[in-house]
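Hi everyone, thanks for making time. I'd like to talk through some charged side chains today, so let me put the sequence and structure up.

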Amino acid sequence: MSFITAATVTTADLGELISGSPKIKEIAMGLGATDMRGSQMVMGGDQAGLVQVQFDCPDINTALGVWEGLYQTNEQIDLMKRSGTQLVRRSLLRVVAERGERSGAWGTGLLIAGDSVDDATTDSNIGDAWANMSAGATGLLFAETVAAGATQNVAPYYALTWCDDMNLMMQASAANMADPKVQANMAAANATVMGRIIAKTIL
């Protein structure tokens, strides 16, 4: 079991934020994070233009400790001031199942509503989806929200994908949604896609 904690922010100087990120990653990994990623939302309604920074963590205590530790450092505070960065929201996700790698030039996030499903069944379902998605995606991850504010009541699950070619990824996504096995899996879980975000990898 692992977790992803994500901060969604606005920034006045994206270049400055990117240039200061290696030191933030170094500090975060010293606090127990296992990796860090960053992306800017390109398509996603009112979320377009926002930046999201994610930290992979082995457990909840580590995720909480990463943020507490970062905000006790001059590097984090100074970088936010220099880049004009302000926090919009912070969330915590539990990784339930995944295939491939959490890397690629682009990423997408599907917000999903549905019933709670046991982890073994979810892993099997993701395997069925990956059989289609691997044609255009480099990675696929399914997560449930642990803490995400009011949106958690609307769409408590996320399906995240990474890719290097959005055309190929969307073709694979269309094939996946048309797969009778995937449709049956979604129907059994009463799963409904509530929205999609497309983001460009920046870190």
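How many salt bridges does the count come to? The answer is nine salt bridges, and please keep in mind that we are looking at a predicted model. As a bit of background, side chains of opposite charge can pair when their charged atoms come close. Let me walk you through a few of the pairs.

I'll start with K23 and E26, whose side chains form a salt bridge with an N to O distance of 3.4 Å. Both sit in helix α1, residues 14-30, and because they are three residues apart there, about one helical turn separates them. As for their surroundings, K23 is partly exposed at 37% relative accessibility, while E26 is exposed at 51%.

Next, have a look at R94 and E144, which meet in a salt bridge at 2.6 Å, N to O. Here R94 belongs to strand β4, residues 86-100, and E144 to strand β6, residues 139-147, so this pair ties together parts that lie 50 residues apart in sequence. R94 is buried, at 11% relative accessibility, and its partner E144 is partly exposed at 23%.

Now for my last example: R102 and E98 form a salt bridge, and their closest N and O atoms are 2.6 Å apart. Which residues do salt bridges with shared partners join into one network here? They are R37, D56, E98 and R102. Within that group, R102 is buried, with a relative accessible area of 18%, and E98 is partly exposed, with 30%.

That's my tour, and I'm happy to chat about any of these pairs.

Key: Residues are numbered from 1 along each chain as its sequence is written. This is a predicted model: local features need pLDDT of at least 70, side-chain atom pairs count only at pLDDT 80 or more; totals for chains, interfaces and linings use all residues. Side-chain values use heavy atoms; hydrogens and water are left out. A salt bridge is a side-chain nitrogen of Lys or Arg within 4 Å of a carboxyl oxygen of Asp or Glu. Helices (H or I, at least four residues) and strands (E, at least two) are DSSP runs, numbered from the N terminus. Buried means under 20% relative accessible area, exposed over 50%, partly exposed in between (1.4 Å probe, protein chains only).
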